[in-house]
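Student: I would like to learn how to read a contact between domains. Where do we start?

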Amino acid sequence: MDFDLTEEQRLLKDSIDGLLTDSYDFESRKKYMKEKGGWSKAVWGKLAEQGLLGLPFAEADGGFGGGGVETMIVMEALGKALVLEPYLATVVIGGGFLRHAGTDAQKAAHVPGIVDGSKTLAFAQLEKNSRYDLFDVATTAKKKGDGWVIDGEKFVVLNGENADTLIVTARTTGDRRDKTGIGVFLVPANAKGITKKSYPTQDGLHAADITFTGVEVGSDAAIGNPDDSLALIERVVDEARVALCAEAVGLMDESLKTTVEYIKTRKQFGVAIGSFQSLQHRASDMFVAAEQARSMSMFATMASDFQDARERSNAIAAAKVQIGKSLKFVGQQAIQLHGGIGMTMEAKIGHYFKRLTMIENTFGDTDYHQRRVADGGGLI
């Protein structure tokens with residue numbers, strides 16, 4: 001595999017790195033956290049102006065025809081800057097459903113708004129007892145005339161507070177843990193019967209618990225086959241896992257850089273603690289762990305295009321395992337080398353570790369994916 005970036009990809013990397021360097025220092029991030037919904041509409045507009053929100057969509061749909069590598073470049077940069085804006089929820093996940101299974105009418109209704117920054121999405125999938133099983137769906141969608149009536153509860157919906165449209169998994173037939181009978185529906189966030197409880201998460205993002213009570217949507221709300229969409233959900237979530245791997249690499253890069261800078265300036269016994277050989281060895285081990293994660297992130301990016309679902313799932317699960325191991329090591333070492341200051345809200349290194357920890361637990365933790373790899377990457 002050729003992992004060298006093309007000229008266009010290098011320009012993309014330079015472009016987003018430059019934008020975030022100008023707009024997203026740590027002090028600015030703390031201000032953005034206090035805005036409604038916990039992120040900056042102005043920064044979101046700048047991402048739209050540079051074409052980053054339309055990156056993965058086909059040119060025919062108003063996008064720029066980017067692929068997995070382009071998304072990896074963007075997510076890595078967003079990780080380095082510790083960005084709060086809902087790129088994952090809107091562009092990667094929401095956009096993924098529309099790209100893979102949306103009708104022309106659905107794309108026309110939603111993609112232009114995503115591309116120009118006027119619309120955000122949220123994926124309402126997690127339920128009280130579902131853990132990491134995508135097929136464990138108790139929320140129901142029952143036929144009413146030509147449309148559907150949705151009832152149920154979803155938890156920890158990222159960007160659920162601000163999203164204009166919710167992408168909801170719901171069961172149309174069968175029992176709670178059946179792998180068939182699952183549909184995906186586009187639901188206006190302001191639809192009658194929706195109630196939300198919003199809150200900040202540990203990493204500074206915002207999520208919402210959402211209750212659907214007799215929420216009525218039209219026949220055009222279903223994305224794909226409303227009776228058999230598990231394969232679609234698994235594919236889009238696999239792409240989200242790949243994006244999270246790339247984000248984690250960016251976070252680890254910045255954690256390592258910040259830690260090395262700190263030990264070069266922090267003095268003990270009259271000398272910089274970075275001069276102590278044991279701490280140099282720790283920094284070297286952090287570098288190795290981060291590079292291992294980078295390699296697996298690149299592999300997962302290539303694997304996201306595999307047509308064989310089991311092969312794709314196995315490769316991405318393996319990447320999530322390595323990412324989980326690396327981020328835990330890099331994050332913990334960064335905190336320990338900073339000492340007590342690393343535990344404070346004023347030091348950015350603690351915020352990086354919080355985001356890394358949340359990534360490890362999003363769409364399956366290390367133990368979960370290790371079991372998947374052991375089972376042959378099975379769609380379990």
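Tutor: Start with the polar pairs. This is a predicted model, and across the interface of domain 1 and domain 3 four residue pairs are in polar contact, both residues at pLDDT 80 or more.

Student: Which elements of domain 1 give two or more residues to the side that touches domain 3?

Tutor: Three helices do: α2 (26-33), α4 (68-81) and α5 (87-101).

Student: How do the residues on that side of domain 1 divide by character?

Tutor: Eleven are nonpolar, four are polar and four are charged.

Student: How many salt bridges are counted between domain 1 and domain 3?

Tutor: Here a charged pair is judged by distance, with a side-chain nitrogen within 4 Å of a carboxyl oxygen. The count between domain 1 and domain 3 is two.

Student: Which residue forms a salt bridge with E76?

Tutor: R294 does, and the closest N and O atoms are 3.3 Å apart.

Student: Now the domains themselves. What are their bounds?

Tutor: The domain assignment gives domain 1 as 7-119, domain 2 as 123-227 and domain 3 as 230-376. Domain 1 gives 19 residues to its contact with domain 3, and domain 3 gives 28 residues.

Student: How far apart are the C-alpha centres of domain 1 and domain 3?

Tutor: The two centres lie 22 Å apart.

Student: What area is buried between domain 1 and domain 3?

Tutor: Read the area together with its atom types. About 2,000 Å² is buried between the two domains, and carbon and sulfur atoms give 75% of that area.

Student: Can we look at a salt bridge inside one helix?

Tutor: Take K13 and D17. Their side chains meet in a salt bridge, 3.0 Å from N to O. Both residues lie in helix α1 (residues 7-23). They are four residues apart, about one turn of the helix.

Student: How many salt bridges does the structure hold?

Tutor: The structure holds 20.

Student: How many helices and strands does the protein have?

Tutor: It has eleven helices and ten strands.

Student: What radius of gyration does the protein have, against that of a compact globule?

Tutor: Compare the value with what the chain length suggests. With 380 residues, a compact globule would have a radius of gyration near 21 Å. The protein has 21 Å, which agrees.

Student: And what box do the C-alpha atoms fill?

Tutor: Taken along the principal axes, the box is roughly 80 × 45 × 40 Å.

Technical notes: Residues numbered from 1 in each chain as written. Predicted model: local features only at pLDDT ≥ 70, side-chain atom pairs only at ≥ 80, totals over all residues. Heavy atoms only, no water. Domains from an automatic or database assignment. Contact = heavy atoms within 4.5 Å. Buried area = accessible area lost by both parts, 1.4 Å probe. Polar contact = N/O pair within 3.5 Å; in protein donor to acceptor, adjacent residues only side chain to side chain. Nonpolar A, V, L, I, M, F, W, Y, C, P; charged D, E, K, R; others polar. Rg over C-alpha atoms; globule rule 2.2 N^0.38 Å.
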